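Me: Could you walk me through the strand pairing and ring contacts of this chain? I'd like the reasoning along with each result.

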Amino acid sequence: MLNVKKISEYFLESSDKEIRSFGRVLEEERNQAFLKHLNTDSDDDYWKKHKLVVYIKSDRDFWIKRQEDQKLSSVEYFEWCGESKQECIELAEAYFLDIDNYKCEDRRFNFVLETLINPTFAKIKGGLESFGFLGANWEFEINYDEPDKEEPKHVDFRPTSELLSKINLFSEEELAALGFIESKGHDQDTTI
């Protein structure tokens, strides 16, 4: 498999303007992947966390902000992780009770709260681990997952370019340093 760093460096040396431009695009995608990985919480302890997964579908009667980019969506999955079930519930409930996370009329927001949000969270707070609401072409489902009992086996993960899915974004050494794979002590990223 090819490596973006080597390819972008090669393209950046080209005398052709378009090829150099493509080299910059590849280099930028690689840099963004580095920043994304470095700016996110480590998943090393994800297995130890309590998780609350929420699915919401509004049939476009109202719109809700996605967490990752604040864009509006009518169908969305959310996940909150925490040290306890209560922490996850509090984080999720605060998100869904905030009118700034919706685009709709105030009366529609109040109806959503009364028919979807409040009753569903009441069931989860009451001890249910999973509860869903279906009505008026709307869906709202919450699932609670306890932490795993033991750490999962390490699986090599190799981020690839969305632009060119057959190209490694990082060298073997970088993959090991970032924790995606276990170090093998040699670089094999140039094999196609």
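**Strands and rings**

Reply: Happy to! In this predicted model, strand S3 (residues 63-65) and S4 run antiparallel and are joined by 2 bridges.

Me: Which residue in S4 does Lys-65 stand opposite?
Reply: S3, residues 63-65, is bridged to S4, and S4 covers 72-73. The residue in S4 that stands opposite Lys-65 is Leu-72.

Me: Which strands stand at the edges of the open sheet?
Reply: The sheet has 3 strands with antiparallel pairing, in the order S4-S3-S6. Two of them have a single partner strand each, so one side of each is left without a neighbour in the sheet. Those edge strands are S4 (72-73) and S6 (102-103).

Me: Thanks! Now the hairpin of S7 and S8: which residue there takes a positive phi?
Reply: S7 (residues 130-135) and S8 (residues 138-145) pair in the antiparallel sense over 6 bridges. The hairpin has 2 residues between the strands. The residue with a positive phi, near 55°, is Ala-136.

Me: And what is the bridge partner of Gly-132 in S8?
Reply: Gly-132 belongs to the antiparallel pairing of S7, residues 130-135, with S8, residues 138-145. Its bridge partner in S8 is Glu-141.

Me: On to the rings. Is the pair of Phe-78 and Trp-80 stacked or edge-to-face?
Reply: The count comes to 17 aromatic pairs. For Phe-78 and Trp-80, the centres are 5.5 Å apart and the planes differ by 15°. Planes under 30 degrees apart count as stacked, so this buried pair is stacked.

Me: How many residues apart in sequence are the parts tied together by Trp-80 and Phe-96?
Reply: Trp-80 and Phe-96 form an edge-to-face pair, 5.7 Å centre to centre with 65° between the planes. Trp-80 lies in strand S5 (residues 75-82) and Phe-96 in helix H3 (residues 85-97), so the pair ties together parts whose separation in sequence is 16 residues.

Me: Which residues do ring pairs link into a cluster?
Reply: Trp-80 pairs with Phe-78 and also with Phe-96. Ring pairs link these three into a cluster that also includes Tyr-95, Phe-121 and Phe-140. The full set is Phe-78, Trp-80, Tyr-95, Phe-96, Phe-121 and Phe-140.

Me: Over which ring does the charged end of Lys-85 sit?
Reply: A charge sits over a ring within 6 Å of its centre, given a suitable angle to the ring normal. The charged end of Lys-85 is 5.0 Å from the ring centre of its partner, Tyr-144.

Terms used
Residues are numbered from 1 along each chain as its sequence is written. This is a predicted model: local features need pLDDT of at least 70, side-chain atom pairs count only at pLDDT 80 or more; totals for chains, interfaces and linings use all residues. Side-chain values use heavy atoms; hydrogens and water are left out. Rings of Phe, Tyr and Trp (its six-membered ring) pair if their centres lie within 6.5 Å; planes under 30 degrees apart count as stacked, over 60 as edge-to-face and the rest as tilted. Buried means under 20% relative accessible area, exposed over 50%, partly exposed in between (1.4 Å probe, protein chains only). Helices (H or I, at least four residues) and strands (E, at least two) are DSSP runs, numbered from the N terminus. A charge sits over a ring if NZ of Lys or CZ of Arg is within 6 Å of the ring centre and within 35 degrees of the ring normal. Two strands pair if DSSP finds at least two bridges between them.
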